Amino acid sequence: MTIEALIWLIPLPPVLAFFLIAVFTFRNRKLSHTLAVGSAALSWAASMIVFYQAVLTPELSEHPFVSQIDWLPLGQGWFRIGVQIDPLAAVTLFFVAWTVLMIFIYSIGYHNYGQPVGEQDRPGLQPHGASVTGEDGKVRRVPSVEPMYARFFAFIALFAFGMYALVVTDNLLTLYMAWEIMGLCSYLLIGFWYGKPSARDAAVKAFLTTRVGDMFMLLGLAALYWLTGTLNYRLILSNSVVLKQLAEAASPVLGLSWAGLVGLLIFFGTVGKSAQFPLHVWLPDAMEGPTPVSAMIHAATMVSAGVYLVLRFFPLISAGWMPGDALTPTLMVMATIGAFSALFAASIALAQRDIKRVLAYSTISQLAYMITALGVGAYVAAAFHLVTHAFFKALLFLDSGSVIHGMEHGALHTGEHIDPQDMFNMGGLGKKMPITFWTFLIGGLALSGFPLVTAGFWSKDEILSGALNSGYVVVFGVLAFSAFLTAFYTARQITLTFLGNPRTGSAEHACESKLVMTLPLVVLAFFAVTVGWVGIPENFPILGGLFPNWFEHFVSGMLLEHGKGGLVGHSPLPLIISLIVAPLGLLLGWWVYRAVPAGTVDPLQSVIGPVYTLLKNKYYIDELYHQMFVRPAIWLADVFTVQWVDRGVIDGVVDGTGRLGLWLGRAFSRYFDIPVITGTGDTVAFGTRRLGTNLKWIQSGRVQQYMILTVAAIVILGGVLYFLLA
Amino acid sequence: MIPLSWYLMFAALLFCVGLYGVLARRNAIGILMGVELMLNAVNINLLAFWSYLYAMRLNGLVFVAIVFVAAAAEAAVGLALIISAYRRRNTVIVEELSLLKG
């Protein structure tokens, strides 16, 4: 088999698994998860072969693996779709394959495969646990299996298909289709426990919010097709003539060039998908879904897809810009939104109590780093951070799922009714759940960019140095401060969850998850550390040059002109800053939260007071959107549409027609039906009756009288006939 | 030869006697006998016209024979009905059998 054929086959197993599970095997839990995990493993294997081949191929960016078929017949010729593996797609494929496979395996344990069915469990609600009578006759509460187990695997298989298809595709249209498949799956999976109103709302919110971004992206897609007549990556992005034309042609909007406008529209798609301000609101609420979904959406696939898209279209977005030039408006928008979102989300994460919500905001913040990096032109750094982030964030989410699992186990054991996701109910879990603790620690350190050993350090350091070396001090300052906050809330999370003493009975009785859950954690933890080593800058003191900076060589070929020679100027400042802020933030976070007793308020609250309330309520953005969009929408639907248009105008027309008909009917009835038709009928009937009544006496019952009548009639008739004929 | 009108007058007289019997008698058997008389009056008419107008053909005679057979059958049915009515109601007086009224 050629490598191109193999690339075509990568997305296939998950979608087959989806249909098989949905149609045939949904009653059988074991078969369903075997199909799903098996399909993920097949895709993983194919991806690894492709990745390996891609790495071995020199000059891959000039000569990517490409295969195309005719797809849609157009007026002249065909719309061709195909697959393409270039360095960016290859590295994306690498982390997608690993994280997807790990999440699939982890889901088996997370959904309590092999546990009994709960007595009170209903489809659409989280499992409540089952009562089991042990050998000693005692009744114990144990976790129960997810009621819609097979459905979950069907959905994430479809999700995986969407992501694989998005990565291997070679044009914007099929990318958009895969992008929307993921949007659908995220809707289905966030609302997986649809029995909970909050999950339903979150699903709708996620779907609608991302749809806003997608609308802009579709506009960008349409504009691009109109301008260039193609949506193929290579024909647009690797073609300096097309890029130059687009960069020089003025668009009708705000004095932007066409390249800038299309880039901006596509970037808005990313804002929705990667949850950047102001469309970030859906991502924290998306935590209503099962935790493997959170890992899937918020680390491995969907949000990464957003950044992947802007990375992919960076040549277009930055067309006409050279390193060292002033930023184009589009790049300026990206840098501004990115830097703002990074700080914004990191600050909100400080005041969240829910273990998954902290991670959700950290995801927004980290994605914002990538966007910012792209905005200032640090292409390689952004791609690098995308890869490292995918690994350590998938790890952290799966870890948090493991923690929640342990807490639920403890809650079932003690019979407490507590929120198993509230970090202030935890504490001391490090001793109960050692594997989860150590892997969480690795993930958390990577997230906060702990120097030298973690992947997050290397990628974040590159972004910081990219920002400063391009001369954007403000951006650099914001990112550095966000990095400090990141370290602080990570330390807060780790300290509250794993260190100190247990604050509830559930935390006291939590226990380590099964091997099927901890194994993916260990694998991802391995990558969370080692992935960083492939991208150590060559000019880094001491370590630089020990390993070749493979990542930069590999990926930077994606750019036609700029970025190839690395960044202009090198200052030791970012390195010093990143060496300082992460340990400092971690230390401070640990110190503040090292001994929080049960039932107390957050120590941070007493320090920053009202600001804490502001952060806790997420700057009241949700409330603002509620006032600005939701209430007007409800007004539009309820008052304007229903009361005025529907009940007033449409119902008025309908009612008017009805009334007219009624009036006509009455008129007909009164002036035609009753006098004419009924009258005639009645006259005939009553006349007949009266005649009968009046002639009744003839029927005397005496045969001889009848006879006389007959004879008389004959005589009279005979007489009449006689006179008439004579 | 006896003129045709005599036969016709005789037949009309016989018919009127029969008719009177039918209309005036109270006994059902008497009425039946009146009916037979009227039937015979018609037969006489038929025979008279045949004999004067179409004597060379046999049609008239055959018709009359068939009418007699039909009249005999009819009289048998009528008598049977009267017997049946008598058995049920113990009377053959038609005024007491006045069930056919509106």
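This passage walks through the nonpolar cores, one helix pair and one buried residue of a predicted model.

A good place to begin is the largest nonpolar core, which holds 220 residues. Within this core, A:I85, A:F104, A:L172 and A:F313 touch the most other members. Its largest share, 19 residues, is supplied by helix α17 of chain A, spanning residues 379–414. A second, separate core has nine residues, among them B:L19, B:L32, B:M38 and B:I82. The surroundings of A:F104 can be followed in more detail: beyond its neighbours within four places in sequence, A:F104 is in contact with A:A36, A:V37, A:A40, A:F153, A:I156, A:A157, A:A160 and A:M296.

Turning to a helix pair in chain A, the axes of α5 (residues 149–168) and α6 (residues 172–190) come within 8 Å and cross at roughly 155°. The two helices, α5(A) and α6(A), are therefore roughly antiparallel to each other, and α5(A) passes α6(A) in a left-handed crossing. On the α5(A) side, the contact includes A:F152, A:F155, A:I156 and A:F159, while on the α6(A) side A:L175, A:W179, A:I181 and A:M182 are among the residues involved. By type, the residues of this contact comprise 17 nonpolar, two polar and no charged.

In chain B, B:I31 is part of helix α2 (residues 28–53). B:I31 counts as buried because its relative accessibility is 12%, below the 20% cut-off. Leaving out neighbours within four places in sequence, B:I31 is in contact with B:G21, B:V22, B:R25 and B:V94, and also with A:Q704 of chain A. The C-alpha atoms of B:I31 and B:V92 are separated by 10 Å, with their positions 61 residues apart along the chain.

Conventions. Residues numbered from 1 in each chain as written. Chains lettered and ligands numbered in written order. Predicted model: local features only at pLDDT ≥ 70, side-chain atom pairs only at ≥ 80, totals over all residues. Heavy atoms only, no water. Core = buried A, V, L, I, M, F, W, Y, C linked by side-chain atoms within 4.5 Å. Buried < 20%, exposed > 50% of the residue type's maximum accessible area, 1.4 Å probe, protein only. Helix = DSSP H or I, 4+ residues; strand = E, 2+ residues; numbered from the N terminus. Contact = heavy atoms within 4.5 Å. Axes fitted to C-alpha atoms, helices over the stretch in contact; angles between N-to-C directions. Parallel < 35°, antiparallel > 145°, perpendicular 65-115°, else oblique. Left-handed = near helix turned anticlockwise from the far one by under 90°. Nonpolar A, V, L, I, M, F, W, Y, C, P; charged D, E, K, R; others polar.
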